[in-house]
Amino acid sequence: QVQLVESGGGLVQAGGSLRLSCVASGRAFSRSAMGWFRQAPGKEREFVAAISWSGISTKYADSVKGRFTISRDNAKNAVYLQMNSLKFEDTAVYSCAAAPDGLGHEYKYWGQGTQVTVSS
């Protein structure tokens, strides 16, 4: 079992930055791939970024490449999403998720999400 709690969301002007954090409890965290997803009002949830358990491999949605960076600190049971050059269309609820079987496998555990609002 993995419990996930996100933080760091808020209101920011377009062009600004935010850093989201996701802290996990549970022994499976350090061997789980982690991902960030987002869901805007009236839209489907979409993939944003993912990182392997070792931190060596990362993946990004085309819409955030070059602007967002995912990282993790297994000693702190935490995964981060640094978001730079934010755009209005980045407004969404951002959730982290854990895939115990590794990158590319099912995300089995989800956090509640944190709201990110970008004003234009």
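A disulfide is a pair of cysteine sulfur atoms within 2.5 Å. I start my notebook with that cut-off, and I remind myself that I am reading a predicted model.

**Entry 1: the disulfide**

How many disulfides does the structure hold? I find 1. The bond joins C22 to C96, with S to S at 2.0 Å. I looked up the handedness next: with 55° about the S-S bond, the link of C22 and C96 is right-handed. C22 belongs to strand β3 (residues 18-25) and C96 to strand β9 (residues 92-99), so I note a link between distant parts of the chain, 74 residues apart. Are these cysteines buried or exposed? I have C22 down as buried, and C96 as well.

**Entry 2: aromatic pairs**

I counted 4 aromatic pairs in the structure. I began with F37 and W110, whose ring centres are 4.9 Å apart with the planes at 55°, so I call this pair tilted. Which parts does the pair tie together? F37 lies in strand β4 (residues 33-39) and W110 in strand β10 (residues 109-110), so the pair bridges parts that are 73 residues apart in sequence.

I checked accessibility for both partners. F37 comes out at 10% relative accessibility, which makes it buried. W110 has a relative accessible area of 30%, so I log W110 as partly exposed.

W110 has another ring partner in my notes: Y107 pairs with W110 at 6.2 Å centre to centre and 55° between the planes, again tilted. Y107 is at 17% relative accessibility; the cut-off for buried is under 20%, so Y107 counts as buried. Putting the rings together, I get a cluster of F37, F47, Y107 and W110, linked by ring pairs.

**Entry 3: charges over rings**

Here I looked at two arginines. The charged end of R19 sits over the ring of Y80, 4.0 Å from the ring centre. For R31, the charged end sits over the ring of W53, and the distance to the centre is 4.1 Å.

**Entry 4: the surroundings of T114**

I turned to T114, which I find in strand β11 (residues 114-119). At 11% relative accessibility, T114 is buried. What does T114 contact, leaving aside its neighbours within four places in sequence? My list reads E6, S7, G8, G9, L20, A92, V93 and Y94. S7 is worth a separate jotting: S7 and T114 are 107 residues apart in sequence, yet their C-alpha atoms are 6.0 Å apart in space. I also noted that the side chain of T114 reaches the backbone nitrogen of G9 at 3.2 Å.

**Entry 5: the nonpolar cores**

Which residues have the most contacts inside the largest nonpolar core? I wrote down W36, L81, M83 and Y94, in a core of 28 residues. The elements giving two or more residues to this core are β3, β4, β5 (46-51), β7 (68-73), β8 (78-83), β9 and β11.

I followed up on M83. Not counting residues up to four places away in sequence, M83 touches G16, S17, L18, L20, R67, F68, Y94 and V116. Y94 thus appears in my contact lists for M83 and for T114.

Apart from the largest core I noted another one, of 6 residues. A33, A50, A97 and A99 are among its members.

Conventions
Residues numbered from 1 in each chain as written. Predicted model: local features only at pLDDT ≥ 70, side-chain atom pairs only at ≥ 80, totals over all residues. Heavy atoms only, no water. Phe/Tyr/Trp six-rings, centres within 6.5 Å; stacked < 30°, edge-to-face > 60°. Helix = DSSP H or I, 4+ residues; strand = E, 2+ residues; numbered from the N terminus. Buried < 20%, exposed > 50% of the residue type's maximum accessible area, 1.4 Å probe, protein only. Lys NZ or Arg CZ within 6 Å of the ring centre and 35° of its normal. Contact = heavy atoms within 4.5 Å. Polar contact = N/O pair within 3.5 Å; in protein donor to acceptor, adjacent residues only side chain to side chain. Core = buried A, V, L, I, M, F, W, Y, C linked by side-chain atoms within 4.5 Å.
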